[in-house]
Amino acid sequence: MIDVCLVGNPNTGKTTLYNTLTGSHEHVGNWHGVTVEEKAVKYSFAGQDIRLVDLPGIYSLTPLSFEEKVSADYLVAHPDNIVVNICDASNLQRNLYLTLCLLERGCKVILVVNQIDKRPICKLDFVKLSEMLGVNVVYVNAGDKTSAAKVNEQILQASKSDIKALPPKYVSEIDFSSVKDCVRSVQPAEQPFYMIKLLEGDEDACKKFGAPQNATAVEKIAAKRYEFIEQIMSKCASAPERVYGQSKLDKILLNRFLALPVFLLLLVGCFYLTFFSLGGLLSDLAATLLDKYISAPVINLLSNALGYEHWVVSMFRVAIFGGVGSVLTFLPQVALLFFFLSLLEDSGYLSRVAFVFEDVLCKVGLSGKSVYTLLMGFGCSTTAVLTARNMEDKNSKIKTGLLTPYMSCSAKFPIYAVLGGAFFGANNIFVIIGLYLLGVVVAVLLSYLLEKTVLKSKQQSFILEFPPYRMMSVKRTFSLLWLNVKQFLVRVGGIILAMNVIVWLLSSFSFTFKFVAGGNGVSMLETLGRMLSPIFRPLGFGSWGLVSALIAGLVAKEVIVSSIAMFNGVEESALSSIQSSIMLSTSAVYFASPSSVLSYLVFCLLYFPCIASCAVLFKEIGKKWTLIGMAIEFALAYLVAFVTYTLGRTVEAFGFWQVGLSLAGIAIVAVAIALIVRKFKNKKCSQGCARCNKSCKKDC
Amino acid sequence: MPFRIRRRMCELGFIAGQKVRLVRCSLLKRAFLVELRGYTLSLRKSIVDGLLVIE
């Protein structure tokens with residue numbers, strides 16, 4: 001068995017190469033820090049078993065964030081692994097810095113220069129490069145099978161020889177006199193590496209050797225390394241033609257004043273395409289096909305065999321076709337949503353978004369890196385929370401993890417579409433956009449509050465690399481779409497189906513196990529729902545069905561829609577049949593007015609995330625913060641839903657303009673009071689931001 | 001500037017005598033886009049404030 005690990009700067013194509021070599025489908029994107037944990041897989045090449053480990057990207061062997069620590073620790077703990085060091089051909093200088101660190105470590109390095117962009121930035125002389133670094137160099141395109149195979153050959157070759165690369169020549173020029181005595185306990189070959197680590201003030205190394213953290217030499221060592229890199233570049237590379245990460249497109253997309261409007265326009269465009277025009281059409285088509293060609297024949301078959309009223313037939317009718325079918329019709333929309341999220345990530349625009357929103361983010365104590373996590377939250381909070389590992393300090397990680405569930409995930413969209421659509425019709429687009437915005441606004445305010453109170457983040461570096469824009473290939477487009485469809489189908493066929501059957505059982509049988517569908521008794525779920533429903537009466541949705549749906553929704557939010565469909569005995573997948581049922585006052589679950597629907601939607605948006613998310617949060621940010629987070633979520637959901645309902649009732653009673661104008665009046669008065677209070681406060685010289693200090697100095 | 005971040009800046013190529021170019025800044029001048037060693041980096045104001053730049 002040959003142990004190999006993939007190491008490189010963030011966003012250089014490590015995972016792409018990993019996928020190509022092993023045939024895996026790990027998530028990749030044009031963003032640094034997509035991979036946040038080590039992943040390993042075995043494969044064989046030319047009769048040899050190879051175990052390949054994919055590691056998160058790093059800049060050097062001294063980590064700054066949680067996910068970098070994974071890689072650094074792995075490299076220190078496994079000195080015998082063959083290290084496949086991937087460099088981006090377009091950004092060689094900074095990539096080689098890591099190569100030098102690896103050589104100092106004494107790793108067996110194979111340098112893989114990955115040509116991601118079609119048009120190279122400069123010409124490279126690989127023979128010379130290999131000579132100067134003393135390692136084998138391979139030039140590949142990580143996504144291409146034939147060129148990736150070259151890496152395999154190099155791995156085999158390296159496994160046969162015992163020769164490790166020599167440390168770069170500048171190492172002998174460094175003055176180690178101050179730390180020489182500390183590292184006597186390790187082997188002589190490893191001494192230079194640890195001495196450099198001590199000189200750089202690496203926390204782990206200092207602890208290990210009991211040396212004081214004194215890092216005056218950091219600049220000197222970095223300068224030595226870059227000096228060597230410059231020598232290499234001057235001999236091996238032609239003059240660069242352009243700068244990595246800059247494009248003419250940025251003139252518009254990053255323009256100081258245009259950036260924000262352009263982003264919002266793009267967002268609304270994607271939104272409209274996903275949920276309304278294209279997605280809506282596909283979704284209707286899916287519902288029709290499902291009803292006509294799958295559910296109708298199956299039900300016919302079953303009811304001929306068992307009789308229409310038999311409980312098995314009822315389960316198929318209500319739980320499987322009515323419940324699961326109603327969720328299944330959202331397949332096109334969910335697939336499209338995930339596709340657009342991937343597009344945003346793959347194109348390189350995401351880094352620009354983080355840059356544009358930095359003005360807001362730094363005010364509320366979030367890092368540019370949180371943007372990635374929060375954006376992934378629109379897809380699925382469970383996977384998004386994991387990416388919070390690329391935060392640099394614990395508080396920011398906890399905070400980002402707590403905020404992610406407020407991003408309305410794809411599972412909540414069916415609720416908005418079905419319930420909102422019933423009462424608001426074509427205007428539902430505004431309701432849905434409003435709900436998404438509400439989630440973001442609540443998250444931003446909560447972040448501000450946490451930053452000012454208990455979760456103050458340490459100074460965030462917001463060192464964010466700018467990748468170049470990249471087009472998505474046709475092949476990748478289709479494989480992404482297929483992957484998303486598959487994931488959704490697995491989810492619907494697994495957890496959602498199971499949960500639907502459970503909800504159906506609980507709602508069709510009484511505590512004495514009597515089949516009660518059809519109104520001849522009270523089911524288990526109804527009993528429970530009725531117990532809890534008084535809590536929710538002030539929010540405008542006190543019926544047992546809605547409360548039970550909320551509880552069932554804890555497993556997966558899609559189940560809220562399917563449960564409502566079940567309680568109302570809807571047997572078709574088409575949304576219109578659920579929608580008309582919730583407007584009938586004779587149904588088990590119905591909404592009395594638009595304001596109670598709004599309040600319910602707001603509650604669904606803000607209350608606890610699904611169990612899977614909670615489990616991941618539990619693992620990532622700990623028990624205490626997960627519980628605190630859930631308490632905040634419930635309190636916020638209750639409060640905001642209550643305000644929504646009360647406001648809605650007032651509008652229904654007095655008319656839109658009257659309420660709107662009086663609210664505007666109250667807002668103006670409040671702002672005026674706030675301004676006056678602030679003015680008085682500012683009179684006192686307060687220490688704090690630089691601007692205050694300046695004006696204070698003038699005044700005092 | 002905290003020591004850990006200073007170390008990271010060195011690793012990214014911010015060493016004495018390094019030429020950098022300010023490409024653009026965000027609307028409220030809280031984030032800056034800086035170009036050095038043939039690549040582009042976005043930095044927060046607090047970091048840029050900690051850099052000594054001689055024109």
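Helices (H or I, at least four residues) and strands (E, at least two) are DSSP runs, numbered from the N terminus. I keep that at hand for everything below.

**Entry 1: ground rules**

I am looking at a predicted model, where local features need pLDDT of at least 70 and side-chain atom pairs count only at pLDDT 80 or more, while totals for chains, interfaces and linings use all residues. Residues are numbered from 1 along each chain as its sequence is written, chains are lettered from A and ligands numbered from 1 in the order in which they are written, and side-chain values use heavy atoms, with hydrogens and water left out.

**Entry 2: an odd loop residue in chain A**

I started with A:N11, which sits in the loop between β1 (2-8) and α1 (14-22) of chain A. Its phi is near 55 degrees, a positive value in a residue other than glycine. Is A:N11 buried or exposed? I use buried for under 20% relative accessible area, exposed for over 50% and partly exposed for in between (1.4 Å probe, protein chains only). A:N11 counts as buried because its relative accessibility is 13%.

**Entry 3: the strands around β4(A)**

Next I followed β1(A) to its partner. Two strands pair if DSSP finds at least two bridges between them. β1(A) pairs with β4(A) in the parallel sense, over five bridges, and there A:L6 has A:V84 as its bridge partner. On β4(A) I also find β5 (residues 108-114) of chain A, running parallel and joined to β4(A) by seven bridges. In that pairing A:C87 is matched with A:V113.

How many residues of β4 (residues 82-88) of chain A are buried? I get seven of its seven. One side has A:I82, A:V84, A:I86 and A:D88, the other has A:V83, A:N85 and A:C87, and both faces are covered.

**Entry 4: where chain A meets chain B**

I count contact as heavy atoms within 4.5 Å. On that basis chain A puts 50 residues into the contact and chain B puts in 36. The area buried between chain A and chain B is about 4,000 Å², with carbon and sulfur atoms giving 55% of it. Buried area here is the accessible area (1.4 Å probe) that two parts lose on being put together, summed over both.

For polar contacts I take pairs of N or O atoms within 3.5 Å; within protein, one must be able to donate a hydrogen and the other to accept it, and residues adjacent in sequence count only if both atoms are side-chain atoms. The rule finds 25 residue pairs in polar contact across the interface of chain A and chain B, both at pLDDT 80 or more. On the chain A side, α3 (92-105), α8 (218-236), α9 (250-253), α15 (358-363) and β7 (464-465) each supply at least two residues. Which element gives the most? That is α8(A), with six residues.

I also looked for strand pairing between the chains. β7(A) and β3 (residues 39-44) of chain B pair in the antiparallel sense over two bridges, and A:L464 has B:S42 as its bridge partner.

**Entry 5: salt bridges between the chains**

My rule for a salt bridge is a side-chain nitrogen of Lys or Arg within 4 Å of a carboxyl oxygen of Asp or Glu. Six turn up across the interface of chain A and chain B, and a search of the whole structure gives 31 over all chains. One at the interface joins B:R4 to A:E203 (3.8 Å, N to O).

B:R37 caught my eye, since B:R37 has a positive phi of about 45 degrees although it is not a glycine. B:R37 forms a salt bridge with A:E230, the closest N and O atoms being 3.0 Å apart. This pair runs from the loop between β2 and β3 of chain B to helix α8 of chain A. B:R37 is buried at 10% relative accessibility, whereas A:E230 is partly exposed at 42%.

**Entry 6: one serine in a helix**

Last, I checked A:S326 in helix α12 (residues 311-328) of chain A. A:S326 has a relative accessible area of 0%, so I put it down as buried. Its side chain reaches the backbone oxygen of A:G323 at 2.6 Å. Not counting residues up to four places away in sequence, A:S326 touches several others, including A:F321, A:V561 and A:L575.
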